[in-house]
Amino acid sequence: MITEKTITDFIYREADLLDTMQWQAWLDLFHPEGRYWMPLEWQQQDPVLQPSLMYEDLLLLKVRVERLAGERTFSQKPKSRCHHLLQAPQIVACDPEAGLFKARTSYIYTETRGDLLERFSGWASHDLVQIGDGLKIKLKRVDLVNFDAPFGNIQLFM
Amino acid sequence: MDRYRNNAFAVEALVRDTEVHRDVYVDPEIFELEMEHLFPNSWIYIGHASQLSKPGDFITANIGRQPVLASRHTDGAIHVFYNRCPHKGVKIASEPCGNTGKFFRCPYHAWSFKTDGSLLAIPLRKGYEGTGFGDAQANEGLSKIRNVVVYRDFIFAQLNDNGVSFADYFGESLSTIDNMVDRSPEGKLAVVAAPIRYMHTCNWKMLVENQTDTCHPMVAHESSAGTAVKVWKREQGASTETPMAVQLYGPFMSPYEFYEQSGIRIWPNGHGHTGVANSIHSNYSDIEGYLGQMVAAYGETRAHEILGDVRHNTVYFPNIMVKGAVAILRNFIPIAVDKTLVESWVYRLVGAPDKLYERALMYNRFINAPTSIVGHDDLEMYERAQEGLKSNGNQWVNLQRLYEAGEQADVTAVINGTSERQMRNQFHAWAKFMTIDMDSHVEAAE
Ligand code: FES
Ligand SMILES: [Fe+2]
């Protein structure tokens with residue numbers, strides 16, 4: 001039985017997998033049709049016909065993860081690290097009957113590489129579905145508070 | 001430490017036939033002089049007329065570091081001004097775009113200006129009576145940039161009054177903009193969204209040079225495009241259709257021979273493009289309905305001519321790159337000697353299927369975003385170069401590939417696609433537009 005706690009635990013675990021760079025375990029959290037979306041507009045509705053920073057399916061996420069470990073991935077020499085500081089997720093929907101599980105989580109994200117440290121703030125929205133006893137990510141949407149500002153490299157995942 | 005100011009000969013000495021001195025990338029004084037000479041002497045992209053569709057619409061931009069403002073006047077004309085109040089210099093508009101209504105109103109003391117820049121009203125005007133204000137420059141309203149050309153809706157401006165004319169400056173290079181616009185069945189492009197913005201900690205010219213650097217993709221992008229190809233091969237299973245994403249990444253891994261035969265065309269004044277015979281954009285899947293629309297609009301022969309000209313990157317000197325085949329324009333905006341803001345715009349081909357816009361947006365986020373793995377590859381190289389060039393061991397950057405003795409500058413030519421001649425072409429133009437109005441040159445000519 002999926003409860004609100006199941007959703008919250010899932011979101012904390014996801015952040016933990018990213019922070020500890022367990023990339024494969026992180027990918028395993030996604031539904032085969034799952035998407036990772038970083039919009040480029042305030043309350044953006046359309047990921048396809050409006051510009052986004054990222055809108056990636058599992059194939060593209062796999063490419064990213066595999067690239068991070070590549071022998072000739074020079075932008076990962078030295079490697080990046082990240083840290084998620086999450087506020088307690090707000091449950092937007094927890095309806096096992098309808099298979100609807102949604103949460104919104106306010107966060108501060110830090111990505112470092114060498115001597116550089118960049119910090120970002122925003123909200124992560126999780127659209128989850130039940131597969132077997134557990135949850136999978138149908139859509140992870142990451143809205144930066146300053147999506148319209150020019151950033152340097154963001155190489156890991158918020 | 002004025003080593004270069006008003007010393008045209010010292011500036012010219014930085015550019016040799018086959019190499020350039022590292023000061024062009026790392027010296028703060030050279031950057032200052034670019035802002036004072038190179039950018040004001042060149043024709044700079046301001047924006048697209050579709051961003052100014054109604055009277056009162058405005059956009060803001062920069063020419064070098066100078067803030068400018070473009071507006072659509074009630075009579076339909078487009079004007080470009082310095083974005084500063086004639087009173088005390090406050091920026092008149094601070095947003096990237098908007099509509100000001102019938103007039104601009106300065107937020108500090110409420111001087112107001114018509115959308116053609118002329119002074120409309122000053123509160124408590126009688127305070128200026130008898131002060132000779134009529135002769136003050138402030139009385140003229142917003143300072144106007146006189147040299148403005150709107151070419152097929154692309155707005156360009158040149159600050160210096162005695163510069164090269166628009167037609168002479170761009171010449172035949174405008175054919176890339178023509179091709180991009182012609183790719184719309186209605187011959188019209190539209191900006192419908194904000195650009196992707198990406199901050200680079202490197203000199204702006206490294207980005208410009210990279211646009212025609214065809215010997216780097218298979219090396220620097222092995223990590224991104226190479227991995228994409230590899231993962232797809234492994235995961236594709238029984239699938240016979242290559243996804244759009246893989247179609248966009250894959251061609252970056254083309255071998256040297258591909259780039260060699262595809263060719264580079266150079267034009268006078270530092271413009272040039274890769275992908276003459278064909279390009280990395282040539283083999284994308286057809287989009288349903290598009291060819292039919294093009295044939296209906298232009299006829300069989302002309303439609304195929306337009307769609308058959310699949311150029312790769314066209315550099316419009318000094319600081320934009322146009323990708324006609326995917327309707328993208330990248331603007332390399334100099335911030336400091338080691339800082340460049342890149343704004344990458346996607347145009348909608350008016351009347352064409354949504355799928356084309358979808359693909360262009362996808363390309364833009366794959367290649368030109370701070371979250372782009374291809375972008376990560378490139379920026380890493382620029383940053384390392386910006387650091388490496390501080391070394392005194394060798395103060396020259398080599399641009400010699402396929403150099404031929406007696407090579408002509410300011411000519412049109414089609415050459416081997418792995419040549420570094422377009423980079424040499426750019427630096428020839430750089431030295432020219434840096435020094436054309438330097439006192440030492442003007443004096444020597446007198
Ligand atoms: S600064 Fe603009 S009105 Fe005074
Ligand atoms: Fe590149």
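The dialogue below goes through some features of a predicted model and asks how each description is justified.

Mentor: This is a predicted model, in which local features need pLDDT of at least 70 and side-chain atom pairs count only at pLDDT 80 or more, while totals for chains, interfaces and linings use all residues. Residues are numbered from 1 along each chain as its sequence is written, chains are lettered from A and ligands numbered from 1 in the order in which they are written, and side-chain values use heavy atoms, with hydrogens and water left out.

Trainee: Why is B:S94 called exposed or buried?

Mentor: Buried means under 20% relative accessible area, exposed means over 50%, and partly exposed is in between, with a 1.4 Å probe and protein chains only. B:S94 has 63% relative accessibility, and therefore counts as exposed. B:S94 is found in the loop between β5 (78–82) and β6 (97–99) of chain B, where helices (H or I, at least four residues) and strands (E, at least two) are DSSP runs numbered from the N terminus.

Trainee: What makes a group of residues a nonpolar core?

Mentor: The term means a set of buried Ala, Val, Leu, Ile, Met, Phe, Trp, Tyr and Cys residues joined through side-chain atoms within 4.5 Å. The largest such core has 83 residues, of which B:I46, B:F154, B:F156, B:Y347 and B:W430 touch the most other members. Its largest share, seven residues, is given by helix α15 (residues 421–435) of chain B.

Trainee: Why is this core said to lie between two domains?

Mentor: Domain 1 (44–151) and domain 2 (191–434) of chain B both give residues to the core, so the core lies between them; the bounds come from an automatic or database domain assignment. The centres of these two domains, taken over C-alpha atoms, are separated by 35 Å. Seven residues from domain 1 of chain B and ten residues from domain 2 of chain B make the contact, and contact means heavy atoms within 4.5 Å.

Trainee: Which residues does B:I46 contact, leaving aside neighbours within four places in sequence?

Mentor: B:I46 is in contact with B:I59, B:A61, B:I63, B:V68, B:A70, B:I155, B:F156 and B:A157. Another core, of 40 residues, lies apart from the largest one, and has among its members A:Y109, A:V142, A:L144 and B:A369.

Trainee: How do you know whether α3(A) and α14(B) are roughly parallel or roughly perpendicular?

Mentor: Two packed helices are described by the angle between their axes and the distance between the axes. Axes are lines fitted to C-alpha atoms, for helices over the stretch in contact, and angles run from 0 to 180 degrees between N-to-C directions. Angles under 35 degrees count as roughly parallel, over 145 as roughly antiparallel, 65 to 115 as roughly perpendicular and the rest as oblique. Helix α3 (residues 58–68) of chain A and helix α14 (residues 373–388) of chain B pack at about 30°, with their axes 11 Å apart, and are therefore roughly parallel to each other. A:V63, A:R64 and A:R67 of α3(A) and B:I373, B:H376 and B:D377 of α14(B) make the contact.

Trainee: What makes the pair α3(B) and α15(B) roughly parallel or roughly perpendicular?

Mentor: The axes of helix α3 (residues 28–41) of chain B and α15(B) cross at roughly 85° and come within 7 Å, and the two helices are therefore roughly perpendicular to each other. In this contact B:I30, B:L33, B:E34, B:H37, B:L38 and B:N41 of α3(B) meet B:W430, B:F433 and B:M434 of α15(B). The contact residues divide into six nonpolar, two polar and one charged, where Ala, Val, Leu, Ile, Met, Phe, Trp, Tyr, Cys and Pro count as nonpolar, Asp, Glu, Lys and Arg as charged, and the others, Gly among them, as polar.

Trainee: Why are some phi values and peptide bonds singled out?

Mentor: Most residues other than glycine have a negative phi, and most peptide bonds are trans. Phi of B:R152 is near 50°, a positive value in a residue other than glycine, and B:R152, at 32% relative accessibility, counts as partly exposed. Phi of B:D410 is also positive, near 55°, and B:D410 is partly exposed with a relative accessible area of 27%. A cis peptide bond joins A:K77 and A:P78, with omega about 0°, and the bond from B:F317 to B:P318 is cis, with omega near 5°.
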